[in-house]
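Me: Could you walk me through this one? I'd like to hear about the pockets, the RNA side and any odd backbone spots.

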Amino acid sequence: MSEPVRVRFPPSPTGHLHVGGARTALFNWLFARHHAGVYVLRIEDTDRSRSTEEYTHALLEALRWLGLDWDEGPPTPGYRQTERLDVYRAHAERLLAEGKAYRCRCTPETLETLRRAAEARKETFRYPGTCREAGVPASESHALRLAIPREGETVVDDVVRGRVVFGHAELDDWILVRTDGTPTYNFCVVVDDVTMKITHVIRGNDHLSNTPKQVLCYQALGYPLPIFAHIPMILAADKTRLSKRHGATSVLAFRDMGILPEAMLNYLARLGWSHGDQEIFSREDLIRHFDLAHVGAADAVFDLEKFKWVNHQWIKTLPAERLARELAPFLDRAGLPAPADPGWLARVVETLRERARTLVEMAEQAAFFLRRPAAYDPQATAKFWKESAAERYALLIKRLEAQEAMDPPALEALYRFLAADLGLKLVDLAQLTRIAIAGKAASPPIFEVMSILGRAEVLARLRTAAAAVGAGR
RNA sequence: GACCCCGUCGUCUAGCCUGGCCAAGGACGCGACCCUUUCAAGGUCGAGAUCGCGGGUUCGAAUCCCGCCGGGGUCACCA
């Protein structure tokens, strides 16, 4: 059999986990789970100036919220690049000793001058290899460069892109270790992936152009290449890279918008990957069906409308108890009192799940259950508080006071009887009641609502409304 | 600028490898109708893609080949 699959997700804690990163994490995680392999989380924090502990925590929080659990990684030591500096150093020294890398004393200023000169000649600057044969002594201040073959080409065999060829004339002897002794990103990645025995590198397409440099480094080190898969990027509606300017892009921001993790995973998976015509995938579905073969090549535009639709699908099917639990913090944030009985909240959720696409919307719609209407929607009252509203409220109050059963069918029967008796349509009495109870002309089925609220509360709200009609609003 | 990648309804996509079943299917969104105590949800129907453009190969091309155009990415002692 083939060796076990080992993949990794290497975020750098210089910002919040955004949807692009989350999707990369998801594909890696799915690939690992599908093949019963290992999913490694590695923190790329070599850029100390921009990396923060705070972002690291937020990153882990976002991954945990999504349920993308890692088999190896923090808090186990050794999975942060800053903890692996001697590993990079050892590899660098070996390359130097074997003559695959060399010391370079060209200063950034010198290089900058050359670069500008090349630009002036409308040429692309590449390091000319000045120090390649110079034998710069260790005593001199120097950077370390990889000596790449001057001739030939490097082929990147990519699962998604196919065979991509890069001529060595397009590459140059890039820097492995800076003058200050710190290793560069491309070098760290290679050393990390090699030492962590990563078998498949699944990452954003923006890394494709860096891949030949890395391949050359693998070869210099004498290590076998992993399998590469460069997945399409996620774009904003204007087809540019997603950024803060495009509104919410971080995973945690979507959580705070009332998106469920199931929906986040589901939507992200469908961006660039497909399984026939299927749109809704549970975590298990995803693990079962995910494969690199059906990852597309074209970049995808992030569509919030479709995302909300997916979220709605999950709101419609998840257990009410679970939704009630998820909803609680949103009620709190909306300044609504927390109901004492979680079972009661679950009943409320049951009436709302078909009409709320996000938990934020659901909290808004749940408001009248938890707090009496402070005002009545003028459009609704203008339409339904025409003549005899006061008398009708009085009649409803009287009948409901005498009403024993408060289950929806019984209430509907009562209302139908009253409407027929008054020569009215059911809708007339229903809307009158709805305004009294919800303060507006739209709500879940009114008899369900009345049943959940209970007779005392319903009567109280009807009396308040009746008084408002009497007071001429 | 050089190099690399990408290009099917507004958007996500199926199909492309293994040409004909595609006068291009599904989904979101949009419109209409049905259902209906409101709003939703659901159902039905509809508008919406000459498969980026132009050549070629072939009896036949979204699918194969060439050129072009458009978009994106990478070119740092950033990651």
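Reply: Happy to! One convention before the pockets: Ala, Val, Leu, Ile, Met, Phe, Trp, Tyr, Cys and Pro count as nonpolar, Asp, Glu, Lys and Arg as charged, and the others, Gly among them, as polar. This is a predicted model, where local features need pLDDT of at least 70 and side-chain atom pairs count only at pLDDT 80 or more, while totals for chains, interfaces and linings use all residues. Residues are numbered from 1 along each chain as its sequence is written, chains are lettered from A and ligands numbered from 1 in the order written, and side-chain values use heavy atoms, with hydrogens and water left out.

Me: Got it. How much space lies in the largest pocket?

Reply: About 1,300 Å³. On a 1 Å grid over the protein atoms alone, points where a 1.4 Å probe fits but cannot get out form a cavity, whereas a pocket is an open set with protein on both sides within 12 Å along at least five of seven lines; lining residues have an atom within 4 Å of a point. The volume is the space filled by probe spheres set on the points, which are joined across faces, edges and corners.

Me: And which residues lie nearest its centre?

Reply: S12, T14, H18, G21 and D206, out of 40 that line the largest pocket. The elements giving two or more residues to that lining are β1 (6-9), α1 (19-34), α5 and β8 (200-204). Here helices (H or I, at least four residues) and strands (E, at least two) are DSSP runs numbered from the N terminus. The most comes from α1, with four residues. By class, the lining has 13 nonpolar, 17 polar and 10 charged residues.

Me: What about the second largest pocket, how much space lies there?

Reply: About 550 Å³. The second largest pocket has 25 lining residues, and R115, R145, D172, W174 and I175 lie nearest its centre. α4 gives the most to this lining, with three residues. Its residues divide into 11 nonpolar, six polar and eight charged.

Me: R145 and I175 caught my eye. How is R145 bridged?

Reply: The bridge partner of R145 is I175, in β7. β4 and β7 are joined by two bridges and run antiparallel; strands pair if DSSP finds at least two bridges between them. The open sheet they belong to has three strands in the order β3-β4-β7, with antiparallel pairing. Its edge strands are β3 (101-104) and β7 (175-177), each pairing on one side only. From one strand to the next the twist averages 45°, using axes that are lines fitted to C-alpha atoms (for helices over the stretch in contact) and angles from 0 to 180 degrees between N-to-C directions.

Me: Switching to RNA strand B: which residues come nearest?

Reply: C106, R178, T179, G272 and R355, of the 65 around RNA strand B. A residue is near if one of its heavy atoms lies within 4 Å. By class, that surface has 25 nonpolar, 16 polar and 24 charged residues.

Me: Sugar-phosphate or bases, what share of the strand's nearby atoms?

Reply: Of the RNA strand B atoms within 4 Å of the protein, 71% belong to sugar or phosphate, the rest to bases. A sugar or linking oxygen is 3.2 Å from a side-chain N or O atom of S12, and for D47 the distance to such a side-chain atom is 3.3 Å. R270 uses a backbone N or O atom instead, 3.0 Å from a sugar or linking oxygen of the strand.

Me: Last one: which peptide bond is cis?

Reply: The one from P74 to P75, with omega near 5°. P75 sits in the loop between α2 (53-66) and α3 (85-97). Also, A36 has a positive phi, near 50°, though not a glycine; A36 is in the loop between α1 and β2 (38-41). Most residues other than glycine have a negative phi, and most peptide bonds are trans.

Note on methods:
A polar contact is a pair of N or O atoms within 3.5 Å; within protein, one must be able to donate a hydrogen and the other to accept it, and residues adjacent in sequence count only if both atoms are side-chain atoms.
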